[in-house]
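This report looks at helix packing, buried positions and unusual backbone geometry in one protein chain. Please keep the sequence and the 3D view open while reading.

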Amino acid sequence: MIRKKQLLFFIALVCSVGAFAGQERIHKIVVQKAKEQPVITNKFLTVNYNVAGKNLEVIFKSGNKIFLKNVTPKGINGTVTKKEMVSAAFGKGNALVFNTSDGGSISFALYPSQPFLFVNQTVKNSGNDFVDIEKLNPLSFSVDLNKPVSKLKTLGTGGLLDADKNPGSYVFLTTVDPATRNGVVAGWLTNEKGSGVLFSSVNNNLIDIKAQIDYGRFRLAAGTTEATETLAIGYFTDARLGEEQFADAIAKQQNIKLKPRTAVYCTWYSEKNGGAGTESETIKLAGFIKDQLKPFGMGALQIDDEWQAGGKYSGPRRGFDRVDPKGGYPNGMTKTAEAIKNDGLIAGIWWMPFSRNHQDPEYKDRQHWFAKRLNGKPYETSWGGTSLDLTNPEVQNHISYVAKKMQGWGYNYFKMDGLWTGTVTEQVYINDGYKNDSIGNNKPLFNPMKTQIEAYRDGLRLLRHAVGNEVFLSGCCVSQNMRSFGASMGLVNSMRIGPDFNHDGESIRTGVIRASRLYFLNGRVWWNDPDPSMIRENGKSTADPAADGIGSLTRARLLPSYVAVSKQFFLSSDWLPDLPNDRIEIMKRSMASHNGIARPVDAFEKSLPSIWLATDHKTNVQRNVIGLFNWATTPQKIGSSTKWTGLADKTVYYAFDFWENKPLSDISGSFAMELPAESCKIIAVRAKSNHPVVVSTSQHVTQGMIDLLKEDWKDGVLLGTSKLIAGDDYELRIAGLNDGGKWKLNKASLIGDTDGTTIKVLPQQENGWVRVLVKSNKSQVVNWKLKFVK
C-alpha cells in the first residue's frame, strides 16, 4: 500500500544488484522476439517465460520438475530482455528482465554456483513530490511438489504448519513434503530497508506464496529510483540442505565472519540472587568458574539487568552510563570486570542500547532524542521504554559514548536486550509467526529518508564501529518483535531466538522450539542462543518465578545435551557453587561446542524434533552421534531408519550410550528406543570395520568430536591424538575386538613427552569392547598407541 499522491507515483521493478551484490555490469543484452521462449539456465534450474500466459515456470533440472508455477510479477507488458551481469557476491549470472506497463521492470537471475532463483527489484518515483511506501507485494507464485496439499507442510518462524494455517513467516518459508523432505525454500536474502515476510495459502491444490516487504514508511524523492530487498527461491531434494544453503547465501551476501564463541554464565536466572547479582557473588562465581569449568569450555561471565542507575518507569532502569549506587555494585563496574578478567574470563554486561525512559529528568531537555507516535507523544512500549531516534546525530553520539564507556570498564561481551525498540515498532511479545506491529505508526524520523529498519541496522553498525571487533555482540531477543530478526543478520554475533525461559509456558522446551526450526542459521549467520540450560534441583528462580526447577538428574541432562549435540550457544544461569557434583558433571560434559554438522532428522515431521545427527570427519574417520530427545512429559518410543537418519544404509554400527556409560546392541537398518519422560540418549555410532576402532570417549557428550584429534589403524596398531584436560580422567571406548578376527589389546603406550601422563588398559567388562584410561595432571595434547594381536 502506498501512502498519498498515488497518481504521481509508479513502482518500477528492475534487477537491482546494487542492494543485492554491490554492483551490476551488463555485458550483453539480448532482446527476445515475441514468438520465442525466453529462457535462462544454470546447472540447477531453468527459468522459462510463457509469453501467452505472461508468467514464468521454474524447473528443477535434476528431476525435470516444474516446481514453481504462476510466477507473476506485477504489471508486466510482455517485453522481456536477457541480461548478463556480475554480482560481487556470486559472480557472473544471467537474468530475464521484464518491462512493466508503467515503464519499469522486474528481473529473475541465476548464478552458476547458486541453487536459487534471485528476484531483484527497485522502486521508482516518477512524480513531482515525495511519496511514502508502506509495503510492497512484488511477487506471488505457486509451489508444486506433485503431492496433494494435504500431505504438505510449511515451516517458518511460526513453526511447522499447514499452508492455510500459517500466519506468515519472517525472512524465510519452506514448503515441504515431510515424507520425502523434497521442498522449496524461499527467503529474503536482504532486509536492509524493509522487513521481508512470506505468506502461504492454498489454491487449486497448489500452495500459493505471497512475498511482502513491510517498510512502515519508505520515502522516495521525486525522480529517484531505489533498490528494495532480494528474494531467493530454490528447490531441494532435502529441504534442510536448502535452508542451510540459504543461510550460506546470506552469509556470503553480507560477508559474515563469525566470532569464536565460548560458553557463557548469565546472572539473570540465578536462584540465589537473580538479576545482576552482587559484586561479591559475581567475583565468587568467577573464581568457581576458573577452577571448575573454564577448562571444559566456559569462558565468559555476564552481569544482567539491575546493575544500572536511572528511574523506574516502563521496565528496567536505563542509566547505562553509570551504576546504581544502591545496587549490588557500589564500587562501580570496573572492579568486578577486572576480577573476572584476572580469572581468565571475558566480562559481559547487559544493557538496552536503543531505548531510554523519556520521563527520566536527564532527558527533560532532550525530548527530541525520541521517536514520536503520530499523536506527537514519545514512542513508548510496555517494558521496552521509549525508542530512541537512531537517525539523530545526538542520539548516535550518546549510544557510541555509552558503548565505549562500558567497554572502558572492561566489558567485551554485550548482551543487548529489547533490540526491537530500535525499529520503532510495538512490542508483540511473544512473536513468532507474523503479527501486526503497526510498523510506520509514528512520525517521520529525524532523517525522514531513513526507514525504521534501515535506522535500526545503522544503529547496530554504529555499535560495532564504537567498540571494534573485540566486543562480542549478543542480541536479545527476536521474539519480543520479529522485526529485529532479519534486520539483525550480519550485525550481531549471537541472537536469542526465543523468549525468556518458560515465558511461553513451555518450560525446558521454550528455547528448543525456536532453536530447532531455525537451526540452519546457527554457525552460519550467527550463533543461536536458546537461553540458559538450567540444571538445578527443584525450586523456583528468584529472577523469574515462572521458571520451574529442573528436578531429576535425567531431566537435567536434557537441555545441555541438546545444546551440545545441535552445537548451539551454551549458557548457564544456576548458582554454580551450590550445585551438586553430579550437576557440575553434566556441565563439564556439555559446554564445549563441536565443529561438525548437526541436523534434526525429523525436522518436517514434528513441531519439536526428537532425533538429531551430529557428524564430524576431522579425525580421518567419520564420527557420528545420534541424539534422542523426549520432550514429552510421558515416556516415548523414539526411532528411525539409519538411512533416514543420515547414516549409511546396509551398514552395521557399533553404539555407545554416553550417559548410561555402556555399549548398546549393534544398530543396523533401524533403531527404536524407549525414553522416560523429558529425557535423552546420546549415542555414538561407528561403522564396523575389520579391526578395532574408537567409538566413544568420556570427555564430552559428542564422544570424540572435540577431543579426539586423530585416529589411524595400521598393521595391528591403533594410533591416536587426544586433547586432555588436567585432572580429568579420559577414557577411550574401543569396539571391534571380534571384528575381522579375535583381537586382543597387547600394549597401551604414550608417544613423546609423557610427563605427568599415564595410560592403562582397564579390566575388560563388555564382550568385544575394551576401555583405555589416560590421565594427565596438565591440559595438553597427547599421542597414544595401542598394539593389538590376534
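Helix α3 has 15 residues, and at 1.5 Å a residue these should span 21 Å. The end C-alpha atoms of α3 are 20 Å apart, which agrees with that expectation. The model is a predicted one.

**Helix α3 and its partners**

Two packed helices are described by the angle between their axes and the distance between the axes. For α3 (residues 279-293) and α11 (residues 581-588), the axes come within 11 Å. They cross at roughly 70°. That angle falls in the range of 65 to 115 degrees, so α3 is roughly perpendicular to α11.

Which residues make this contact? From α3 come Phe288, Gln292 and Leu293, and from α11 come Ile584, Met587 and Lys588. By class, the contact holds four nonpolar residues, one polar residue and one charged residue.

Much of the rest of the α3 picture concerns burial. The buried residues of α3 are Glu279, Glu281, Thr282, Leu285, Ala286, Gly287, Phe288, Ile289 and Leu293. What do they pack against? Their partners are β22 (263-266), β23 (298-303), α4 (334-342) and α11.

**Helix α4**

In α4, the buried residues are Thr336, Ala337, Ala339 and Ile340. They cover an arc of only 160° around the axis, so they sit on the same side of α4. The cover over these residues includes α3 and β23. It also includes β26 (346-351) and α5 (393-409). After α4 comes Gly344, with a positive phi near 80°.

**A buried threonine**

Strand β16 (residues 172-176) contains Thr175. Is Thr175 buried or exposed? Its relative accessible area is 1%, so Thr175 counts as buried, the cut-off being under 20%. Leaving aside residues up to four places away in sequence, Thr175 touches Val143, Leu145, Lys153, Thr154, Asn182, Gly183, Val184, Ile207 and Ile209.

**Unusual backbone geometry**

Most residues other than glycine have a negative phi, and most peptide bonds are trans. The table lists exceptions in this model.

| Site | Feature | Value | Location |
|---|---|---|---|
| Tyr429 to Ile430 | cis peptide bond | omega near 0° | Ile430: loop between β30 (413-416) and α6 (452-467) |
| Cys476 to Cys477 | cis peptide bond | omega about -20° | Cys477: loop between β31 (472-475) and α7 (483-487) |
| Asn146 | positive phi | phi near 55° | loop between β12 (131-143) and β13 (153-156) |
| Ser438 | positive phi | phi near 60° | loop between β30 and α6 |

The loop between β30 and α6 appears in two rows: Ile430 lies there, and so does Ser438. Ile430 is joined to Tyr429 by a cis bond, while Ser438 has a positive phi.

How accessible are the two residues with positive phi? Asn146 has 55% relative accessibility and therefore counts as exposed, the cut-off being over 50%. Ser438 has a relative accessible area of 27%, so Ser438 is partly exposed.

**In brief**

Helix α3 crosses α11 at roughly 70°, and its buried residues also pack against α4. The buried residues of α4 lie on the same side of that helix. Thr175 is buried in turn, at 1% relative accessible area. The cis bonds lead into Ile430 and Cys477.

Conventions: Residues are numbered from 1 along each chain as its sequence is written. This is a predicted model: local features need pLDDT of at least 70, side-chain atom pairs count only at pLDDT 80 or more; totals for chains, interfaces and linings use all residues. Side-chain values use heavy atoms; hydrogens and water are left out. Axes are lines fitted to C-alpha atoms, for helices over the stretch in contact, and angles run from 0 to 180 degrees between N-to-C directions. Helices (H or I, at least four residues) and strands (E, at least two) are DSSP runs, numbered from the N terminus. Angles under 35 degrees count as roughly parallel, over 145 as roughly antiparallel, 65 to 115 as roughly perpendicular and the rest as oblique. Contact means heavy atoms within 4.5 Å. Ala, Val, Leu, Ile, Met, Phe, Trp, Tyr, Cys and Pro count as nonpolar, Asp, Glu, Lys and Arg as charged, and the others, Gly among them, as polar. The expected span of a helix is 1.5 Å times one less than its number of residues. Buried means under 20% relative accessible area, exposed over 50%, partly exposed in between (1.4 Å probe, protein chains only). The arc is that of the directions from the helix axis to the C-beta atoms.
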